[in-house]
2 protein chains.
Amino acid sequence: MLKLTKKVDYALLAMHFMGHQDMDQVSTIRDISENYQIPMEILAKVLQKLSKKGLLQSHHAPKGGYTLKRPIREISILEVINAVEGPIGILSCSEGQDKVCQQIENCDIRSPLERIQGKILWLLENMSLEELSQAVPTTGGVIHGSFDLLGQPRYH
Amino acid sequence: MLKLTKKVDYALLAMHFMGHQDMDQVSTIRDISENYQIPMEILAKVLQKLSKKGLLQSHHAPKGGYTLKRPIREISILEVINAVEGPIGILSCSEGQDKVCQQIENCDIRSPLERIQGKILWLLENMSLEELSQAVPTTGGVIHGSFDLLGQPRYH
DNA sequence: TGATAACAGACCAAAATGGTCTGCGATTAC
DNA sequence: GTAATCGCAGACCATTTTGGTCTGTTATCA
Ligand code: SF4
Ligand code: SF4
């Protein structure tokens, strides 16, 4: 539970991969699939969804492939997740969930749980794909006195 | 994906329920199950796990039942989740996941994703069961100039 | 015009989830 | 002492989600 699906993983890898190329250079499914050892067919589906949601531009021809429609710094993790998995929520009673929770009539913890959900979504929305390139230094590199929104130290 | 399981939902409801009783007053599975319309058998299992993990004390007799071992303000949401679902992680490559990720050799986004995971766990660890009782006011109540760690306003 | 690349969707196996059923063990009220 | 009341334990099962395969079609251009 509370786990990212493989499809999301693949999507993030693919987007990250393309982010490290010139904006106009195309990447094929084969390129990405070989680079990360991802089954081609399933990666194909994932990229299709990303392109339908306007995150990627597909070039439908020989020597074709995919290009990013926007620079990765303008794309959030949440956008990618939503593109491949649809609207998400940590609760069975969240907006867009088809099944209705049996406890919803008697539940008295819904609103606080929705607050947690909001925070998690906020987190994913405010992290861009660009940050996937920033490794956390294991030693040194801390910007003294500077903390992010979770109270954790910033790095150079 | 990224959804809390029903068992966790039940656990949180149950813990919340007991938190609203005197520490020494026992609650039976039947009490809780009727209050929230939860199937008795499955709630039983959940409470067993909570008791094995030391969050609940079971009283094994007629007029018996469960009591909290600690006040709810000293129990985090994460503790409850870990008790009923085991160690969690949003990644397939997280500690304690049995299956190994096929991409782990070529993955170049692991460390940033682990940072997200860390933030989410931090969030759950630093929210106590007590906060499940605090509804967010829809209007008014904001403490001016006071924000929590996610930059959201605090309430009275 | 055919090789190349994306598109589309049916199909399937394995795993996770949510739930049921059946019987046992401890305690204590009577 | 024993029967009623409670939790304990685990096998079992149906449904949903997931991860993946297979087969074929369509658009483009060298
Ligand atoms: S139990 Fe409450 S919070 Fe959980 S899904 Fe049902 S309504 Fe939402
Ligand atoms: S792809 Fe990278 S981050 Fe995702 S599970 Fe595999 S190793 Fe971990």
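A polar contact is a pair of N or O atoms within 3.5 Å; within protein, one must be able to donate a hydrogen and the other to accept it, and residues adjacent in sequence count only if both atoms are side-chain atoms. One such pair joins a polar backbone atom of Lys6(B) to a phosphate oxygen of DNA strand C, at 3.1 Å. Welcome to a predicted model, in which local features need pLDDT of at least 70 and side-chain atom pairs count only at pLDDT 80 or more, while totals for chains, interfaces and linings use all residues. Residues are numbered from 1 along each chain as its sequence is written, chains are lettered from A and ligands numbered from 1 in the order in which they are written, and side-chain values use heavy atoms, with hydrogens and water left out.

**How the two chains are related**

- A turn of 180° and a shift of 0.0 Å along the axis lay chain A on chain B with an RMSD of 0.0 Å (least-squares superposition on the C-alpha atoms of residues with pLDDT of at least 70 in both copies).
- This is therefore the relation of a two-fold axis.
- Leu2(A) has the C-alpha of chain A nearest the axis, at 1.9 Å.
- Both copies use the same surface, as 100% of the contact residues of chain A recur in chain B (contact means heavy atoms within 4.5 Å).

**Around DNA strand C**

- There are 26 residues around DNA strand C, and Lys45(A), Ser58(A), Tyr66(A), Tyr10(B) and Pro62(B) come nearest (a residue is near a strand if one of its heavy atoms lies within 4 Å of it).
- Of the atoms of DNA strand C that come within 4 Å of the protein, 69% belong to sugar and phosphate.
- Tyr66(A) places a polar side-chain atom 2.3 Å from a phosphate oxygen of DNA strand C, and a polar backbone atom of Ile29(A) is 3.1 Å from a phosphate oxygen of this strand.
- H3 and strand E2 (65–68) of chain A, with helix H1 (6–19) and H3 of chain B, each supply at least two residues of this surface (helices, H or I with at least four residues, and strands, E with at least two, are DSSP runs numbered from the N terminus).
- The surface near DNA strand C has ten nonpolar, nine polar and seven charged residues (Ala, Val, Leu, Ile, Met, Phe, Trp, Tyr, Cys and Pro count as nonpolar, Asp, Glu, Lys and Arg as charged, and the others, Gly among them, as polar).

**Around DNA strand D**

- DNA strand D is surrounded by 25 residues, the closest being Lys6(A), Tyr10(A), Pro62(A), Lys45(B) and Tyr66(B).
- Sugar and phosphate make up 70% of the atoms of DNA strand D that come within 4 Å of the protein.
- Phosphate oxygens of DNA strand D lie 2.2 Å from a backbone N or O atom of Lys6(A) and 2.9 Å from a side-chain N or O atom of Tyr10(A).
- A base oxygen of DNA strand D is 3.5 Å from a polar backbone atom of Pro62(B).
- By class, ten nonpolar, eight polar and seven charged residues form the surface near DNA strand D.

**Helix packing in chain A**

- Helix H4 (residues 77–85) and helix H5 (residues 110–125) of chain A have axes that come within 6 Å and cross at roughly 105° (axes are lines fitted to C-alpha atoms, for helices over the stretch in contact, and angles run from 0 to 180 degrees between N-to-C directions).
- H4(A) is therefore roughly perpendicular to H5(A) (the term covers 65 to 115 degrees; angles under 35 count as roughly parallel, over 145 as roughly antiparallel and the rest as oblique).
- Ile77(A), Leu78(A) and Ile81(A) of H4(A) meet Leu121(A), Leu124(A) and Glu125(A) of H5(A).
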